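Open the model in your viewer and keep the selection box at hand. The tour below goes stop by stop, with what to select and what is found there.

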Amino acid sequence: MTKQQKAEVIDFLCAEFKESQAIVVCDFNGVSHKDLENLRKDAKESGVKVQVAKNTLVTVAVKNAELGDIELTGNNIFLWSEDQISACKVADKFATANKDKFAIKSGIIEGQIADLATVNAFAKLPSREELLGMLASVWMGPVRNFTIGLDALRRKKEEEAA
């Protein structure tokens with residue numbers, strides 16, 4: 001890569017990392033191209049971006065984005081998203097399906113360096129849509145119980161009348 005190309009990659013990653021709430025660093029040594037395409041497809045559906053880049057370029061981009069110092073070694077693939085949960089969920093799901101070839105190493109969540117346990121904890125959290133569904137279910141509980149009670153009263157009145 002020329003210096004110009006490296007600078008473009010750093011600028012791109014820096015801009016992307018500033019916009020993101022979560023960056024997940026994963027080891028993908030031994031993952032086939034087909035599996036990586038499946039990862040990219042799942043990530044795109046979830047609004048997560050995926051990039052393989054040189055560790056030195058990513059380290060500089062993270063510093064330029066003022067997200068701290070991250071130490072990177074080995075072959076890494078980077079997943080990031082605008083929310084804290086999506087990137088963690090995609091990485092965790094793919095790591096579970098490809099245990100022997102793909103592993104989550106660390107990440108940066110809300111500007112803080114996160115270890116594997118933190119990334120896994122965020123992956124287990126329900127998404128925004130799931131939380132809204134739970135909230136709607138709780139709010140609809142009293143209405144549901146009231147209608148069940150009215151229906152039971154109606155049946156009882158019909159049985160007494162018959």
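Start by selecting Glu 158 and Arg 154, which form a salt bridge with their closest N and O atoms 2.9 Å apart. Keep in mind that this is a predicted model. Both residues belong to helix α6, which covers residues 128-161, and being four residues apart they are separated by about one helical turn. Glu 158 counts as partly exposed, at 45% relative accessibility. Arg 154 is also partly exposed, at 41%. Now add Asp 151 and Arg 155 to the selection: salt bridges with shared partners join these two, Arg 154 and Glu 158 into one network.

Stay on helix α6 and select Leu 135, which is found there. Leu 135 is partly exposed, with a relative accessible area of 36%. Add Leu 132, Val 138 and Trp 139, and you have the nonpolar surface patch that these residues make with Leu 135, about 440 Å² in area.

Next, select Lys 124 and Asp 92. A salt bridge links them, and the closest N and O atoms are 3.0 Å apart. Lys 124 lies in helix α5 (residues 116-124) and Asp 92 in helix α4 (residues 86-97), so this pair ties together parts that are 32 residues apart in sequence. Which of the two partners is buried and which is exposed? Asp 92 is buried, with a relative accessible area of 15%, which is under the 20% cut-off. Lys 124 is exposed, at 59%.

Move to Glu 16 and Lys 49, whose side chains meet in a salt bridge of 2.8 Å, N to O. Where do the two residues lie? Glu 16 is in helix α1 (residues 3-19) and Lys 49 is in strand β2 (residues 49-52), so the pair ties together parts that are 33 residues apart in sequence. Glu 16 is buried, with a relative accessible area of 16%, while Lys 49 is partly exposed, at 40%. In the whole model the count of salt bridges comes to six.

Go back to helix α1 and select Glu 19, which is found there. Glu 19 is exposed, with a relative accessible area of 59%. Add Glu 82, Asp 83, Glu 129 and Glu 130: together with Glu 19, these residues gather in a patch of negative charge on the surface.

Now hide the surface and look inside. Which residues touch the most other members of the largest nonpolar core? Select Val 24, Cys 26, Leu 39, Ile 77, Leu 79 and Phe 102, which do so among the 24 residues of that core. The elements that give two or more residues to this core are β1 (22-27), α2 (33-46), β3 (76-81), α4, β4 (103-109) and α5. Colour α4 separately, as the largest share of the core, six residues, comes from this helix.

For the last stop, select Thr 56, which has its place in helix α3 (residues 55-64). Thr 56 is exposed, with a relative accessible area of 56%. Then add Ala 103 and draw a distance between the two C-alpha atoms: they are separated by 20 Å, and the two residues are 47 residues apart along the chain.

Terms used:
Residues numbered from 1 in each chain as written. Predicted model: local features only at pLDDT ≥ 70, side-chain atom pairs only at ≥ 80, totals over all residues. Heavy atoms only, no water. Salt bridge = Lys/Arg side-chain N within 4 Å of Asp/Glu carboxyl O. Buried < 20%, exposed > 50% of the residue type's maximum accessible area, 1.4 Å probe, protein only. Patch = residues over 30% accessible without salt bridge, like charges linked within 9 Å, V, L, I, M, F, W, Y side chains within 5 Å. Areas by Shrake-Rupley, 256 points an atom, 1.4 Å probe, with all protein chains shown as cover. Lys, Arg positive; Asp, Glu negative; His and termini not counted. Charge placed at Lys NZ, Arg CZ, Asp CG, Glu CD. Core = buried A, V, L, I, M, F, W, Y, C linked by side-chain atoms within 4.5 Å.
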